[in-house]
Amino acid sequence: MSRVLVAAAVILMLAPVTARGEPIGVSLGTSSSGFSTTGSVDVTGKTIDLGTLSLNGGGTGTFFFNDAKAWRDYSLSFDLDMSGLTGIRVEVLDPLGDGDDALDPLAQPADLPAGFSTSNDRDGLSFAQGSGLERSATFAGGSATVTADEVTHRGDILLFAGLDGIEHARVLFGLRNTLGGRGFLLRITGIPDAAPVPEPASMLLIGTGLAGLIAARRRRRAAATFAS
């Protein structure tokens, strides 16, 4: 009888361990032109790799996270292929209706996905500040400058700057959901160059305008010469 009890106790002890090992669910949500992914999401314990992301100009994309374990710090990474960027913005978005919406700023950004708001300082979502996890965007010959805004109700935001002319980078940062269980969004947006190259149609208009100005000046000079 005692052996049966010991065996049952062992089974009960192992069952929670198996449950704790269940991975967090991560899937691609919305995306705009200029944003695409290759490869699959890999979740191994507390490490999440989103594969390779491609960002051009002001492209943006979101990832939906579900079943994050409470108070667990996840280490998230992805490879970034990019063009026409000076940096990237990474932001956590909080689901509406979870009890803390009154703390959200009244003026919410117009481009938020339906059903979500910016992350406030009481919703339990963050980039795992104070955990010592690495935050970086590294590339051949250097690394980006990282700026965080995560201790106000304005949002939880990481800005990676100094990527001008860079084509490939490896991005790393932490992620935490203290409440666990509920879903949330991670939004990644490219910050385009301040002075974009004009489109061919714009160049044509500029060239046509310059040609018109030159022709008008020549006509005025010719008229003045004839008058004299």
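**Close-up views of a predicted model**

**View 1. Four strands contribute to the lining of the largest pocket.** At least two residues of this lining come from each of strand S1 (25–31), strand S5 (60–66), strand S7 (85–95) and strand S15 (184–192). Among the strands, S5 gives the most to the lining of the largest pocket, with three residues. The structure shown here and in the other views is a predicted model.

**View 2. The largest pocket has a volume of about 260 Å³.** It is lined by 20 residues, and those closest to the centre of the pocket are Arg89, Glu91, Pro109, Asp111 and Arg187. When the residues of the lining are sorted by character, five are nonpolar, ten are polar and five are charged. Rolling a probe the size of a water molecule over the atoms shows where empty space is left.

**View 3. Asp79 and Arg170 form a salt bridge.** Side chains of opposite charge can pair when their charged atoms come close. The structure holds eight salt bridges, and in the one between Asp79 and Arg170 the closest N and O atoms are 3.2 Å apart. This pair links distant parts of the chain, since Asp79 belongs to strand S6 (residues 73–83) and Arg170 to strand S14 (residues 168–177), with their positions 91 residues apart in the numbering. Asp79 counts as partly exposed because its relative accessibility is 32%, and Arg170 likewise counts as partly exposed, because its value is 27%.

**View 4. Glu150 and Arg135 meet in a salt bridge.** The N to O distance between these two side chains is 2.8 Å. Here too the pair links distant parts of the chain, with Glu150 in strand S12 (residues 145–152) and Arg135 in the loop between strand S9 (125–126) and strand S10 (136–139), 15 residues apart. How does the exposure of the partners turn out, buried or partly exposed? Glu150 has a relative accessibility of 8%, and it therefore counts as buried, the limit being under 20%. Arg135, with a relative accessible area of 27%, is partly exposed.

**View 5. Asp149 and Arg154 form a salt bridge, and a separate set of charged residues forms a network.** The closest N and O atoms of Asp149 and Arg154 are 2.3 Å apart. Asp149 is buried, with a relative accessible area of 14%, whereas Arg154 counts as exposed because its relative accessibility is 58%. Elsewhere, Arg89, Glu91, Asp111 and Arg187 are joined into one network by salt bridges that share partners, and these four residues are also among those closest to the centre of the largest pocket.

**View 6. Phe78, Phe127, Phe160 and Phe173 form one aromatic cluster.** A search of the whole structure finds five aromatic pairs. In one of them, the ring centres of Phe78 and Phe173 lie 6.3 Å apart and the ring planes stand at 80 degrees, so the pair is edge-to-face. This pair links distant parts of the chain, with Phe78 in strand S6 and Phe173 in strand S14, 95 residues apart, and both residues are buried. Phe173 also pairs with Phe127, and because their planes are at 85 degrees, with ring centres 5.6 Å apart, this pair is edge-to-face as well. Phe127 lies in the loop between S9 and S10 while Phe173 lies in strand S14, so this pair ties together parts that are 46 residues apart in sequence. Both Phe127 and Phe173 are buried.

Conventions
Residues are numbered from 1 along each chain as its sequence is written. This is a predicted model: local features need pLDDT of at least 70, side-chain atom pairs count only at pLDDT 80 or more; totals for chains, interfaces and linings use all residues. Side-chain values use heavy atoms; hydrogens and water are left out. On a 1 Å grid over the protein atoms alone, a cavity is a set of points where a 1.4 Å probe fits but cannot get out, and a pocket is an open set with protein on both sides within 12 Å along at least five of seven lines; lining residues have an atom within 4 Å of a point. Grid points are joined across faces, edges and corners, and a volume is the space filled by probe spheres set on the points. Ala, Val, Leu, Ile, Met, Phe, Trp, Tyr, Cys and Pro count as nonpolar, Asp, Glu, Lys and Arg as charged, and the others, Gly among them, as polar. A salt bridge is a side-chain nitrogen of Lys or Arg within 4 Å of a carboxyl oxygen of Asp or Glu. Buried means under 20% relative accessible area, exposed over 50%, partly exposed in between (1.4 Å probe, protein chains only). Rings of Phe, Tyr and Trp (its six-membered ring) pair if their centres lie within 6.5 Å; planes under 30 degrees apart count as stacked, over 60 as edge-to-face and the rest as tilted.
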